[in-house]
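Student: Hello! I am new to this structure and would like to learn how to read it. Could we go through it together?

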Amino acid sequence: MTKKLRIAQIGVGGMGSVHLRLSHAKNPRIELVALCDLIPERCERMRRELGREDIAVYTDYREMIEKEQLDAVDIVTPNDLHSVIAVYALEHGLNVFCEKPDAVSVEEALKMQAAAEASGKVLMVMRNNRYTQKARYLKDFIASGAAGEIYCGRCGWIRRRGIPGRGGWFTTKARSGGGPLIDLGVHMIDLAIWLMGSPRPVAVSGCTYSKFSGDESAADSEHAAFGDAQKGGTFDVEDLAMGFIRFENGACLQIEFSWASNIKEEKRFVELRGTKAGISWQGDGAEIYTEQNGYPVDLRRTDGDPSSEHDAALRHFTRIILDGEEKDYVPQQGVDMIRILTALYESAETGKEVRL
Ligand SMILES: NC(=O)c1ccc[n+]([C@@H]2O[C@H](COP(=O)([O-])OP(=O)(O)OC[C@H]3O[C@@H](n4cnc5c(N)ncnc54)[C@H](O)[C@@H]3O)[C@@H](O)[C@H]2O)c1
């Protein structure tokens, strides 16, 4: 029989339930062994829902790692615990899959990278947008040279309203690392840089704003369901960020992220300009703008099943370990990402460009 990956999941909140329902419960190459959450009822509920009363339940991930014979853990906790738990698991000889963002500081991202190198185990952080079919299509198009030189672009995820877990860990800087810049920025900046061929960032400039933190009625979209809101809780992060990233090869990227702003509608986008074609990744598909025989031509590819992108990332993690598949994500990308994001926050505070 082919070997299965014995996995345990730490964190069974909003996103943790998505991992379980869309991925672990359906992946025949995964053996889900244990669940861990500070609130054990969340694990019990998922066990019942999945019809898997045999899965062990813990409230302390250290005890779970000690008692269970695991190959890997999947970390879906608040952001400030990503590095702490990942380092602990790697030091105990486990492979680690972790939700985004990689960490809440560069120091923590470096600790994760060092622990992965020392253990020789796999550390992969969620980059689900890379696994949309439209992203793969654009990546292949650019890699074929058909877009020419990619020299500039813009990306963003702008919500009209959609503040996750107001007053809880999402809006508490010490726990989340920041607002939409780290929460949403990690998705779209990663996608843009990955499509650009991973040029080295050299400088950033940013501005952040917090204009909706005092208005408790402003979290009125589906995204407000993420995290546990706390009435009268902390809100010391931005609700909007704008910025600019320069790369060593001369390319640049404009960025824009918001949880709340007075715009027409929510948008997720990556637009890149190449000398032969421009590309656009959007919520519902991918477009290419080019010229053929002197005529402007647009190509459009609609996405297949967008709900499968998180599962596709987790299946890639499984194949890296079980089949030796080449890694799509390496921890250096996480360190680079957190370096960019923290430098953008520093620039917003000082009002100056920050060299990386
Ligand atoms: N990739 C995506 O599309 C996506 C979407 C949403 C959230 N996320 C990420 O997923 C992570 C979780 O977000 P969420 O929305 O599920 O938050 P959440 O607050 O709903 O869930 C977090 C869970 O972790 C548990 N927890 C906290 N401390 C713990 C500990 N020490 N040990 C065990 N469990 C602990 C909490 O009790 C809670 O059930 C975050 O890092 C977030 O950025 C990713």
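Tutor: Gladly! Let us start with an idea we need: a polar contact is a pair of N or O atoms within 3.5 Å. Keep in mind that this is a predicted model.

Student: How far does a polar side-chain atom of arginine 42 lie from an oxygen atom of the ligand?

Tutor: That distance is 2.7 Å, and the cut-off is 3.5 Å, so the pair counts as a polar contact. Asparagine 128 also brings a polar side-chain atom, 3.1 Å from a nitrogen atom of the ligand. With threonine 77 it is a backbone N or O atom that lies 3.2 Å from a ligand oxygen. As for cover, the ligand taken alone exposes 860 Å², and the protein buries 92% of that.

Student: Which residues surrounding the ligand are the closest?

Tutor: Of the 29 residues around the ligand, the closest are Met15, Asp37, Arg42, Asn79 and Trp169. Sorted by class, this shell holds 14 nonpolar, 11 polar and four charged residues.

Student: Where in the chain does the shell come from?

Tutor: Helix α1 (residues 14-24) supplies the largest share, three residues. Domain 1 (5-125) and domain 2 (129-310 + 337-355) each give at least three residues to the shell.

Student: Now the strands, please. Do β8 and β9 run parallel or antiparallel, and how many bridges join them?

Tutor: Strand β8 (residues 201-209) and strand β9 (residues 240-247) run antiparallel, joined by eight bridges. To find the pairing by eye, look for glycine 206 opposite glycine 243 in β9. β8 also pairs with strand β15 (residues 354-355), in the antiparallel sense over two bridges. There, alanine 203 stands opposite arginine 355.

Terms used: Residues are numbered from 1 along each chain as its sequence is written. This is a predicted model: local features need pLDDT of at least 70, side-chain atom pairs count only at pLDDT 80 or more; totals for chains, interfaces and linings use all residues. Side-chain values use heavy atoms; hydrogens and water are left out. A residue is near a molecule or strand if one of its heavy atoms lies within 4 Å of it. A polar contact is a pair of N or O atoms within 3.5 Å; within protein, one must be able to donate a hydrogen and the other to accept it, and residues adjacent in sequence count only if both atoms are side-chain atoms. Accessible areas come from the Shrake-Rupley method with a 1.4 Å probe; for residues, only the protein chains shown count as cover. Helices (H or I, at least four residues) and strands (E, at least two) are DSSP runs, numbered from the N terminus. Ala, Val, Leu, Ile, Met, Phe, Trp, Tyr, Cys and Pro count as nonpolar, Asp, Glu, Lys and Arg as charged, and the others, Gly among them, as polar. Domain bounds come from an automatic or database domain assignment. Two strands pair if DSSP finds at least two bridges between them.
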